[in-house]
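Here are my notes after going through this one. They are in numbered points, so you can check each against the structure as you read.

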Amino acid sequence: MRSSEDHRTPYVPNAGPHPWRRYVAIGDSFTEGVGDPDPTAPNGLRGWADRVAEVLSQQVEDFAYANLAVRGRLIGQIVAQQVEPALALKPDLVTFSAGGNDVIRPGSDPDAVAELFEDAVVRLSQGGATVVVFTGIDTAFTPVFRGIRGKVAIYNENIRAIADRHDCIVADQWALKEVQDMRFFDDDRLHYNTLGHHEVARMVLRALNVRNDLQPMQPDPIPFRTWREARANDLVWAREYLVPWVLRRVRHQSSGDTASAKRPDPAPVRLAAPPGVDLDDVAPAEDGA
């Protein structure tokens, strides 16, 4: 039984910079970083979890980060394939996002998703790790997923109830209005782009009460398109992204069938370089500089 002093919420300041030394992220494409390319990353993707780890690593010594997320995974696969490996790494901080791929599928049951989700949360929190869970984004802004908004809302209420029962921190995408704008999404209209992942990282750090210097990134102005140009763009999207997605569902295939975790073992974090800068070429500052 945890004492009241052990209870952590997003509103309790951390003692010191932050208390975590080993962070493990589990989930699907959202956590893997799909949509946020980085040629220096192990799988060519950066993403919000890498960005969070970069900030955490700068504030404490002996920090290590692993990311077990794999694109396309359903919640049953995440629970079966990632929870035990995550526990074996003995994390003191876990981010757990799962169920999104289930919720968007026709006929799926958000209550059934919640049962699997809660089982995983119980196991992840047994070792005393801080567990961060995520609500789904409000899909009202996008015609493609507007029809499942009610299902996402049910999923979110289940997530909040589970978090309350098991003392998890909630990273609330539903309330993150900044990203409810297609300019924060990749060309596939499903995954966040660099701007979106950056904003999610800022949200997670706020939820953890971790000080950081990440500033909002402003998207480019919305380009003007005639009705004809907009429909042509929709046709390109359908051909390049929607049809392949439907075909994978029909064939019981996944975009992650041949993918593996990009950071299966905890390791120190290499900071991402600003555009055009190679960190290996940057000399460390002299003492007192």
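1. Start with the pairing at strand E1 (residues 22–26): E1 and E2 run parallel and are joined by 4 bridges. If you want a pair to click on, Tyr 23 sits opposite Tyr 65 of E2. Keep in mind throughout that this is a predicted model.

2. E2 has another partner in strand E6 (residues 263–267), this time antiparallel, with 2 bridges between them. Tyr 65 turns up again here, standing opposite Ala 267 in E6.

3. What covers E2 (residues 64–67)? Both of its faces are covered. Ala 64 and Ala 66 are buried on one side, and Tyr 65 and Asn 67 are buried on the other. As a reminder, side chains in a regular strand alternate between the two faces of the sheet.

4. Stepping back to the whole chain, I get 8 helices and 6 strands. In sequence order the pattern reads β-α-α-β-α-β-α-α-β-α-β-α-α-β. Of the 289 residues, 46% are buried. Among contacts with a separation of 6 or more, 74% are between residues 24 or more positions apart. The accessible surface is about 15200 Å², and carbon and sulfur atoms account for 54% of that.

5. Helix H6 deserves a look of its own. H6 covers residues 149–166, 18 in number, and spans 26 Å from first C-alpha to last, close to the 26 Å expected at 1.5 Å a residue. Its buried residues are Lys 151, Val 152, Tyr 155, Asn 156, Asn 158, Ile 159, Ile 162 and Ala 163. Viewed down the axis of H6, these buried residues fall within an arc of 165°, so they line one face of the helix. The general background is that an α-helix has 3.6 residues a turn, so residues three or four places apart point the same way.

6. On the other side of H6, Asp 164 and Arg 165 are exposed. The cover over the buried residues of H6 includes helix H4 (100–103), helix H5 (110–125), E4 and strand E5 (169–171). Just past the end of H6, Asp 167 has a positive phi of about 60°.

7. Last, a residue in E4, one of the elements covering H6. Thr 130 belongs to strand E4 (residues 130–134). Is Thr 130 buried or exposed? Its relative accessible area is 11%, under the 20% cut-off, so Thr 130 counts as buried. The side chain of Thr 130 also makes a polar contact with the side chain of Trp 20, at 3.2 Å.

Key:
Residues numbered from 1 in each chain as written. Predicted model: local features only at pLDDT ≥ 70, side-chain atom pairs only at ≥ 80, totals over all residues. Heavy atoms only, no water. Buried < 20%, exposed > 50% of the residue type's maximum accessible area, 1.4 Å probe, protein only. Polar contact = N/O pair within 3.5 Å; in protein donor to acceptor, adjacent residues only side chain to side chain. Pairing = 2+ DSSP bridges. Contact = heavy atoms within 4.5 Å. Areas by Shrake-Rupley, 256 points an atom, 1.4 Å probe, with all protein chains shown as cover. Expected span 1.5 Å × (residues − 1). Arc of directions from axis to C-beta.
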